[in-house]
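Biologist: I'm new to reading structures, so I'd like to ask how the words in a description are earned. Could you show me the structure first, and then take my questions one by one?

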Amino acid sequence: MKINISVDALSRVEGEGYLKLEISGRDVEVVRFGLYEPPRLFEGFLAGRHYGEAVDFVARICGICPVAHQTSCSQAMEDALGLELDGPLRNLRRLIYCGEWIESHALHVFMLHAPDFLGYPDALTMAQEHRQVVEMGLRIKKAGNSLVRLVGGREIHPMSFRVGGFYQAPEPERLRPLEVELEWAVQACQDALRWLARLPIPQYERRYLFVSLNQPGEYPIDRGKVVTSAGQNLEPGRFLDSFEEYQVPYSTALHARHRSLGDYLVGPLARFNLNFDELSPLAREAALGAGLRPPVNNPFQSILVRGVELLYACQEALRLIRAYEKPRRPFLEAPNRAGRGYGVSEAPRGLLYHGYTLDGQGCIEKATIIPPTSQNQATIEADVGGIARANRKLGKKQLTRLCEQSIRNYDPCISCSTH
Amino acid sequence: MASKLKLAVWKFSSCDGCQLSLLDCEDELLALTGAVDLAYFLEASSAAKPGPYDISLVEGSILTAHDQERVRQVRADSKFLVAMGACAVSGGLQALRNFADVNTYVKAVYQNPGRVETLATSSPISDHVEVDMELRGCPVSKDQLLEVVVALAQGRKPDLAGGSVCLECKRAGHACVLVSRRAACLGPVTQAGCGALCPGYGRGCFGCFGPRQQANTASLAGVFQRRLGLGGRDLARVFQGISCNADAFAQESRQHEDQH
């Protein structure tokens, strides 16, 4: 029997993509996660611009994760210029990044993904029967957005962010009012996780090559070395020694693979599996309570892992605000110089790489940007193929929904991946 | 009560930030769906209702022939079309290709550039279809977005900020960054709407809301030359940012681009 599935415009994802699937008998003959988002060619127009302008520009790669792009970009520039942020400045960067994790994860978990598990077309419909959960999700999301705005100036495309730090560091008393809301959020995330753990989670497992950052002593958010479940540990500047991008005809976003091990997975599952011990005791306990024990190999459990990371990010933001002292200077500076620099950070969807070559005037000669969703494309296709094969008797309508749900396991950010 | 207004949200080439602003209305979102029917909003819902729509919010610029066709269809299906954000209004940051050879850019990204279908320029929605209203900003202001939707639902004219960022800045009582920090600030020629955010953080405005009416960019460029010693490429680049393809900024930057 033949089943052909075609979804021309995927919904509840960020950006434009399609799914095409052809199953014949027991075989999945075609599986395509095709991205047709028109390329805006950031790496093209960044060339010739000064490094200081790049931070405002790369924010525009993504409306959901501008701080991730600003962070990876700034770190690459700082690497090239020989600057290193530490103490309060570095903590402030981690704090605004926590805000982005909170708003982005809350958006995905409650508004975009949870409706799949309960058979709703969207969160607004889900709210008719689960109003409390949706309201809770929106309030957690708002706490994240408030944090980004207070540190960065606005929720989307923060303009206080710059190479070397911030144009202006917030006064401690501006951040303090957030403590109450974040204390509430820490509690709410635990309640949310208990609710999420009761969702019907489809069964599907396979072996993945997990890739994430790792920074001993903290869960990876804003910096770290690149580690893999195959035991590699790489400096950011060595990333392209082991990984490469390649073009496929049906996607405007480049795919990526490990040069010897092939497809790999970045994002919550990889971070969780490679950094479980770095979570806070409360987050670890909540994870175990939700039935998560590393290694998690079921991609449908990513919604639970996001719930755990949401809890961690709220706790971490609270910790950073309580310890916050206004930096003596809001940013570090260095004279223009020629060089290369590399920056990596953990966008909510996974590892985000930026690499730049600068000339003696501080202008960009070459830019390389590798977002998480580009890296996950091949893994998403393999998941959809495997899940479709295992569930081919479901009937076309249900199978289509399950395949779309499995794409959303990755919280794809398509504008970002094509850029 | 009259039937709810049917609202559609469309994406062209963009970062998604402007439509995300709608989902960022955390306090108002559930109430909003009581007042308008979110009939087509793919980022938020899998339930897509067919047109016609009372209001279409259109995000993004046009970069492909396919999207040229698609935006015509959107226009045909919409009673009132709002171009939402800098990409839709003026072509966005990606319109930097309009000042260069796009093939150079494509080659910088793709090994097989021939497989990539894209137009030589990034153009605003109004180059292709009639636009009923523009909502400026990169991203748009959440308050302005809500005001437009609510005003249209109530059948009145939306009340949007007029004047320049410079005026907002004076009202907010910020020190002038052009004078005190020697920052190249586009505030005097940029439309109000953000609340003078950048000067408030001690940096120059970089034109997210695009040129205001009768923007005297030549006069400001003269100030940048005399006070800041900017010229040639460096001066052109100040205008070649988020709103680079908006007429006043594009023309001003071209004046300086080839001068060294």
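Modeller: Let's start with Thr71(A), whose side chain reaches the backbone oxygen of Val67(A) at 2.7 Å.

Biologist: What makes the link from the side chain of Thr71(A) to the backbone oxygen of Val67(A) a polar contact?

Modeller: A polar contact is a pair of N or O atoms within 3.5 Å; within protein, one must be able to donate a hydrogen and the other to accept it, and residues adjacent in sequence count only if both atoms are side-chain atoms. The distance here is 2.7 Å, so it falls within the 3.5 Å limit. Please keep in mind that this is a predicted model, in which local features need pLDDT of at least 70, side-chain atom pairs count only at pLDDT 80 or more, totals for chains, interfaces and linings use all residues, and side-chain values use heavy atoms, with hydrogens and water left out. Residues are numbered from 1 along each chain as its sequence is written, while chains are lettered from A and ligands numbered from 1 in the order in which they are written.

Biologist: Is Thr71(A) buried or exposed, and how do you know?

Modeller: Buried means under 20% relative accessible area, exposed over 50%, and partly exposed in between (1.4 Å probe, protein chains only). Thr71(A) has 0% relative accessibility, so it counts as buried. Thr125(A), at 25%, is partly exposed.

Biologist: What makes Asp222(A) and Arg90(A) a salt bridge?

Modeller: That name is for a side-chain nitrogen of Lys or Arg within 4 Å of a carboxyl oxygen of Asp or Glu. In this pair N and O are 3.0 Å apart, so the rule is met. Asp222(A) and Arg90(A) are 132 residues apart in sequence, and both are buried.

Biologist: Why do you say that the pair Glu26(B) and Lys141(A) joins two chains?

Modeller: Their side chains form a salt bridge at 2.9 Å, N to O. Glu26(B) is in the loop between helix 1 and helix 2 of chain B and Lys141(A) is in helix 6 (residues 131–152) of chain A, so the pair bridges two chains. (Helices, H or I with at least four residues, and strands, E with at least two, are DSSP runs numbered from the N terminus.) Lys141(A) also forms a salt bridge with Asp24(B), at 2.6 Å. The count between chain B and chain A is 8 salt bridges.

Biologist: How do you know the size of the area buried between chain B and chain A?

Modeller: Buried area is the accessible area (1.4 Å probe) that two parts lose on being put together, summed over both. Here the value is about 5200 Å², with 59% from carbon and sulfur atoms. Glu26(B), Leu30(B) and Tyr201(B) supply 15% of what chain B buries against chain A, more than any other three residues.

Biologist: Which residues of helix 7 of chain B are buried, and why are they said to line one face?

Modeller: In helix 7 (residues 165–172) they are Val165(B), Glu168(B) and Cys169(B). Seen down the helix axis, these buried residues fall within an arc of 100 degrees, so they line one face; the arc is that of the directions from the helix axis to the C-beta atoms. They pack against helix 9 of chain B, while Lys170(B) and Arg171(B), on the other side, are exposed.

Definitions and conventions:
Contact = heavy atoms within 4.5 Å.
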